[in-house]
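Dear colleague,

Please find the structure below, with the sequence alongside it. My notes on what was found follow directly after.

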Amino acid sequence: MSQEAPRLRLGSTAPNFEAQTTHGTIKFHDWIGNSWAILFSHPDDFTPVCTTELGEVARKAPEFEKRGVKVIGLSANDLSAHEAWIKDIEEVGGAIAPTVVGFPIIADKDRKISTLYDMLDHQDATNVDAKGLPFTVRTVFVIDPKKVIRLTLAYPAQTGRNFDEILRVVDSLQLGDKNRITTPVNWNKGDPVIVHPSVSNEEAAKLFPEFKIVKPYLRFTPLKVE
């Protein structure tokens with residue numbers, strides 16, 4: 001009896017794999033290198049929601065780049081479909097702003113990577129190919145330079161993702177790694193942050209001279225960010 005792959009959780013090492021992409025063959029961990037990475041799946045090429053999503057990711061390339069984040073897409077299609085569809089993404093997206101798909105897209109027609117990362121749809125009976133095999137849902141994995149999974153998201157096929165929110169989480173993770181802080185509800189870069197509970201008031205006075213105590217367990221501080 002075959003065993004299921006271990007469940008991926010926050011803190012799990014992102015599984016390594018070799019894949020064909022629109023930028024050539026990659027080994028995932030080598031491709032990430034010392035960067036942060038976002039691996040995101042979409043259900044199918046030449047579909048409406050996916051076309052809007054990949055166009056948005058393409059237009060946000062400068063935002064990902066300045067955070068040191070590499071982005072890579074995936075669906076259960078072959079390379080020829082990806083390459084043809086990119087033209088549509090750029091044409092449709094160009095009506096909003098210049099759109100160039102500069103990130104690689106993985107061809108996962110055999111669904112090996114989709115299975116490894118538990119991306120396949122088990123809910124929507126219409127999200128299948130001509131043979132009835134499930135396509136992927138809209139998953140997101142944020143992976144740090146140590147190849148550790150720091151965020152997972154799964155959206156249904158019918159709902160496009162908010163990539164501003166994904167960037168917001170990356171900002172929070174990166175600032176939290178560099179500073180002993182956490183971020184409150186609806187936080188955006190530049191807003192006050194929360195002093196981490198592991199930091200004593202004595203330490204906080206040195207690290208964050210302007211910190212304020214709201215409750216013994218809730219302390220806010222401004223934080224300069226680039």
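Strands β10 (residues 212–215) and β11 (residues 218–221) pair in the antiparallel sense over three bridges. Please note that this is a predicted model. The two strands β10 and β11 form a hairpin with two residues between them, and K215 stands opposite L218 of β11.

Turning to the interior, the largest nonpolar core has 25 residues, and I38, F40, V71, F103 and V142 have the most contacts inside it. At least two residues of this core come from each of β3 (36–41), α2 (48–59), β4 (69–75), α4 (79–93), β6 (138–143) and α6 (163–178). Helix α6 supplies the largest share, six residues.

V142 may serve as an entry point for inspection. Leaving aside neighbours within four places in sequence, V142 is in contact with W36, A37 and I38, with V148, I149, R150 and L151, and with I166, V170 and L173. Another core, of 19 residues, lies apart from the largest one; W31, A37, L74 and I106 are among its residues. In soluble globular proteins, nonpolar side chains tend to be buried together.

Helix α4 was also examined. At 1.5 Å a residue, its 15 residues should span 21 Å, and the end C-alpha atoms of α4 are 21 Å apart, which agrees. The buried residues of α4 are A81, H82, W85, I86, I89 and G93, and they pack against α2, β4 and β5 (105–107). An α-helix has 3.6 residues a turn, so residues three or four places apart point the same way.

With kind regards

Technical notes
Residues are numbered from 1 along each chain as its sequence is written. This is a predicted model: local features need pLDDT of at least 70, side-chain atom pairs count only at pLDDT 80 or more; totals for chains, interfaces and linings use all residues. Side-chain values use heavy atoms; hydrogens and water are left out. A nonpolar core is a set of buried Ala, Val, Leu, Ile, Met, Phe, Trp, Tyr and Cys residues joined through side-chain atoms within 4.5 Å. Buried means under 20% relative accessible area, exposed over 50%, partly exposed in between (1.4 Å probe, protein chains only). Helices (H or I, at least four residues) and strands (E, at least two) are DSSP runs, numbered from the N terminus. Contact means heavy atoms within 4.5 Å. The expected span of a helix is 1.5 Å times one less than its number of residues. Two strands pair if DSSP finds at least two bridges between them.
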